Amino acid sequence: MFANPEWLELGFAIVATHLREHAVTRLKIANHPPTHAIVNLLERNPPSDVTAARTWFEILSGRMAGEVVTVLLDKPLTQSIDFQPNELRKLSAVPFVPTKPASEKGPIKHLPPNQCYLSGVSSKDFHSKLFVFVDFGDRANNFLKACGSKPEPSVEEITQILLNDPRRFYELSGGRERQVLL
């Protein structure tokens, strides 16, 4: 149970508003869950859709580094709540980022942050046919960056796609009729 009501969005239990002051001061209930509990949540129960993911990732972006100062009933409470490097490495491979299928129909698929790229790339862009691009907004994207998402694929990643399936790469590029500069 936690004192800060924003954690209700992620499914954590929170203290009732009228009891919050007493819970924080007398019972020493923490404002925020420990980062290992957040990692466990993302592993077991990722956000169900893009809208929920945006909200979750915005909340989590505020917990990335440094100290969190929360003013609750005119009393500042400072709490360190950094994700550790090993937790961020672990999260980079956990499939918790909901992605829409290319056809816009079908079930949401969850990918790890290290398999998603952050950009406003149009769906007609060549790279978007080869890689998954997501955009949850600046604050939420900051959390995904910390978890291993990159703004664009590297030359090595493009080369790997080409080597893994040259025919698909050729077809998506438009074949001979269209020359694509990467």
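What pattern does the protein chain follow, read along the sequence? In this predicted model, the order is α-α-α-β-β-α-β-β-β-α-β-α-α-α. That comes to 8 helices and 6 strands.

Next, the overall numbers. The protein chain has 182 residues, and 38% of them count as buried. About 11,000 Å² is exposed, with carbon and sulfur atoms supplying 53% of that area. Take the contacts with a separation of 6 or more: 58% of them are between residues 24 or more positions apart.

Now the inside. In soluble globular proteins, nonpolar side chains tend to be buried together. Here the largest nonpolar core has 30 residues, and F57, F83, F96, F143 and L144 have the most contacts inside it. At least two residues of this core come from each of α2 (35-44), α3 (50-61), α4 (85-92), β5 (116-118) and α6 (138-146). There is also a second, separate core of 6 residues, with Y117, L130, F131 and F133 among them.

I will spend the remaining time on α6. Which residues are buried there? They are A140, N141, F143 and L144. These four lie on the same side of α6, because they cover an arc of only 150 degrees around the axis. The buried residues of α6 pack against three helices, α2, α3 and α4, and against the strands β3 (97-99), β5 and β6 (132-134).

Look at L144 by itself. Setting aside neighbours within four places in sequence, L144 touches F57, F96, V97, P113, L118, V134, F136 and S149.

Last item: just after α6 comes G148, with a positive phi of about 110 degrees.

Technical notes: Residues are numbered from 1 along each chain as its sequence is written. This is a predicted model: local features need pLDDT of at least 70, side-chain atom pairs count only at pLDDT 80 or more; totals for chains, interfaces and linings use all residues. Side-chain values use heavy atoms; hydrogens and water are left out. A nonpolar core is a set of buried Ala, Val, Leu, Ile, Met, Phe, Trp, Tyr and Cys residues joined through side-chain atoms within 4.5 Å. Buried means under 20% relative accessible area, exposed over 50%, partly exposed in between (1.4 Å probe, protein chains only). Contact means heavy atoms within 4.5 Å. The arc is that of the directions from the helix axis to the C-beta atoms. Accessible areas come from the Shrake-Rupley method with a 1.4 Å probe; for residues, only the protein chains shown count as cover.
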